[in-house]
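This briefing concerns salt bridges and burial in one protein model. Please consult the sequence and the structure shown below alongside the points that follow.

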Amino acid sequence: MSEGQQSARESARKVDRGRERPGCPVSRAADGTWQVHDYQVAREVLRGPGTVQAGLGIETVEKLPPRVRRPVLYRDGPEHREHRRQTARFFTPRRVDEHYRELMVRIAEQQVAKVRAAAPGEVPLSDLAFELAIGVVSEVIGLRYGRPGVRRRLERFFPAEFGEPGLTSVRGLYWLVRQNVNWLRVHLADVRPAIRAHRRRRHDDLISHLLDEGCSDAEILGECLTFAAAGMVTTREFICLAAWHLFTDDALLARYRAADEAGRLTVLEELLRLEPVVARLRRRATTALELRTPRGPAAVRAGEYVELFLDDANTDPGAVGADPLLVRPEREPVFGPGRSGLTFGDGPHRCPGAHIAVLESDVFLSRLTALDGVRMATAPRVAFRDAIGGYEIRGLTVAVR
């Protein structure tokens, strides 16, 4: 069904998270967590002082010895700002064009060639997308010296279901041992060879920067895995989600195929607004805060948690305009920080690789959808990561008639 056939009350979303948008923009859960569904309030929390990161596995990171430097994702304040300032050069649009675009094109064409070679057979799209994301992020980080099999090692490290590490239950102990083994696999096969190569000859990438800062092997491993989760796994899911939209909406696919790069990026950013891969972010208040509501300010005390529902915020009619649940690439981005809304976060922790992720998705999808007779052969199934409100698209296959 094309967007022109949909009424204002219908939704173009592919991913059903099983709940309606609540009427109250700010509410409180049974456990005391403040839940934010309003765009402007969510953006104020992300951009303002008075909160620090929570969730995203920070409970595990906090168990590290105090002398071990935390990955940048889990830091706040001046130290975090300085790290972001020093590494910003790796993610500028100019650098992406000059250093990574050619790589994106090469890997994308290799993956599309697999579809062509398999005809009339089917190819799992998640495999193609993961190969692309691994290749691009590995170049940004500096992980280009590892042994074969990195995709399998990363799939083991990012399992279908996360557990809580600990020694008080069989499940917690199993999860702890399992992840430690997976950490070791990635370290020995991927990160350690990269560190050794960078110590012999400096490169202009993240690992060389971390070595210049005096980071230990364990600290570099932590940063590499953080970037892998943020840049590889999420990009794989979005590529599958975007392809699902394109292959099931003839009008949208025609628009995407006919557009120039800027127009195609606008389509993808609108899909990201509608269906953020990570739909929930948690922050912990370090000082008293006031969250604006129609009934007056909600008082958040220091130590309390604030959970931001990005899927609701990105479809707030007051911020994004009419028909917020429909795909409207022409939607004016008056709500900031960009057409994708809060999908990449905002403020100090806004994802630095946002431009890379959208561009590599387009480089791949524009070539895939240009294949004569290409189609979605098998509809996907959707799984969820409840801790982050994330989705996983599995089983989507593509083929050429």
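What is the relative accessibility of Arg-89, and how is this residue counted on that basis? The relative accessibility of Arg-89 is 36%, and the residue is counted as partly exposed. The model is a predicted one, and a total of 36 salt bridges is found in it. Three of these pairs are described below, followed by a network and a helix.

**Salt bridge Arg-89 to Asp-204**
- The closest N and O atoms of Arg-89 and Asp-204 lie 3.8 Å apart, and the two residues form a salt bridge.
- Arg-89 belongs to the loop between helix 3 (78-87) and helix 4 (93-118), while Asp-204 belongs to the loop between helix 7 (170-200) and helix 8 (206-212), so the pair ties together parts that are 115 residues apart in sequence.
- Asp-204 is partly exposed, with a relative accessibility of 40%.

**Salt bridge Arg-19 to Asp-312, and its network**
- A salt bridge joins Arg-19 to Asp-312, with 2.9 Å between the closest N and O atoms.
- Because Arg-19 sits in the segment before strand 1 (26-28) and Asp-312 sits in helix 12 (residues 310-313), this pair ties together parts that are 293 residues apart in sequence.
- Arg-19 is partly exposed at 33% relative accessibility, whereas Asp-312 is buried, with a relative accessible area of 3%.
- Through salt bridges that share partners, Arg-17, Arg-19, Asp-311 and Asp-312 are joined into one network.

**Salt bridge Arg-47 to Asp-346**
- Arg-47 and Asp-346 form a salt bridge in which the closest N and O atoms are 3.3 Å apart.
- Arg-47 is part of helix 1 (residues 39-47), and Asp-346 is part of the loop between helix 13 (317-320) and helix 14 (354-368); the pair therefore ties together parts that are 299 residues apart in sequence.
- With 49% relative accessibility, Arg-47 counts as partly exposed, because the partly exposed class extends from 20% to 50%.
- Asp-346 has a relative accessible area of 4% and is buried, since buried means under 20%.

**Helix 14**
- Of the 15 residues of helix 14, 13 are buried, and the helix is thus mostly covered.
- The 15 residues of helix 14 should span 21 Å at 1.5 Å a residue, and this agrees with the end C-alpha atoms, which are 21 Å apart.
- The expected span takes 1.5 Å times one less than the number of residues.

How values were computed
Residues numbered from 1 in each chain as written. Predicted model: local features only at pLDDT ≥ 70, side-chain atom pairs only at ≥ 80, totals over all residues. Heavy atoms only, no water. Salt bridge = Lys/Arg side-chain N within 4 Å of Asp/Glu carboxyl O. Helix = DSSP H or I, 4+ residues; strand = E, 2+ residues; numbered from the N terminus. Buried < 20%, exposed > 50% of the residue type's maximum accessible area, 1.4 Å probe, protein only.
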